[in-house]
Amino acid sequence: MTALAPSAHATAPGTDPVRLRAAVPADLDAIAAIERIAFTDPWSREAFAQLVRGGRALFLVADEAAAGAPPAPPLGYLVAWFVLDEGEIANVAVAPAARGRGIGARLVDAALTESARRGATHLFLEVRESNAVARRLYASRGFVEVGRRRRYYRSPVEDALVLRCDLPDAARDRVRGAG
């Protein structure tokens, strides 16, 4: 997993004290609990544990702790992976009590930043067609619908919309030049 540059997750004085950091094994129970609340077909705790052990995915946690402090309980998380010049947000969720604070947006922004840093040209994700809140967030970040996976989700059965964000060359070059 690649650590984010401090500027990518710093919190301005007087603002919400949420930080983004790499997931650690101590986070797994809380992440699995958020996952079970957020999704009707949740990933297992072991699936998340493999991501922590593997170290290849971008696996971020949002928590409320000062920079440099020990990990605090997760408020949300994001999993993304990258292959060649493409990235995919595979999973993102925020605990119900922490919603409405911009945590999901910060996690998605971090994935976009990391995608650009890695030289990706596109970042993809799937979202339930009925998830209007998530769709608005993704649209605000430049994601557009490029496909549909019929009956992709179970419980309830629903289509997934495939969204893509095209990362402009200038953004990739700017991020690479800063690092």
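**Sheet architecture and aromatic cluster**

Tyr77 stands opposite Ala93, a residue of strand 4. In this predicted model, strand 3, spanning residues 76-83, and strand 4, spanning residues 86-94, run antiparallel and are joined by 8 bridges.

Strands 3 and 4 belong to an open sheet of 7 strands, in which the order is 1-2-3-4-5-7-6 and the pairing is mixed. The edges of the sheet are formed by strand 1 (19-22) and strand 6 (144-153), each of which pairs on one side only. From one strand to the next, the twist averages 25°. Helix 4, comprising residues 103-117, packs on the sheet. This helix touches strand 1, strand 2 (58-63), strand 3, strand 4, strand 5 (122-128) and strand 7 (158-166). The direction of helix 4 makes about 20° with that of strand 3.

Aromatic contacts were also examined. The structure holds 6 aromatic pairs. One of these is formed by Trp43 and Phe48, with the rings 5.2 Å apart from centre to centre and an angle of 35° between their planes, a geometry classed as tilted. Phe48 counts as buried because its relative accessibility is 0%, under the 20% cut-off. Trp43, by contrast, has a relative accessibility of 26% and therefore counts as partly exposed, as this value lies between the limits of 20% and 50%. Both residues belong to a cluster in which ring pairs link Trp43, Phe48, Phe59, Tyr77 and Trp81. Tyr77 thus appears both in this cluster and opposite Ala93 in the pairing described above.

Technical notes: Residues are numbered from 1 along each chain as its sequence is written. This is a predicted model: local features need pLDDT of at least 70, side-chain atom pairs count only at pLDDT 80 or more; totals for chains, interfaces and linings use all residues. Side-chain values use heavy atoms; hydrogens and water are left out. Two strands pair if DSSP finds at least two bridges between them. Helices (H or I, at least four residues) and strands (E, at least two) are DSSP runs, numbered from the N terminus. Axes are lines fitted to C-alpha atoms, for helices over the stretch in contact, and angles run from 0 to 180 degrees between N-to-C directions. Contact means heavy atoms within 4.5 Å. Rings of Phe, Tyr and Trp (its six-membered ring) pair if their centres lie within 6.5 Å; planes under 30 degrees apart count as stacked, over 60 as edge-to-face and the rest as tilted. Buried means under 20% relative accessible area, exposed over 50%, partly exposed in between (1.4 Å probe, protein chains only).
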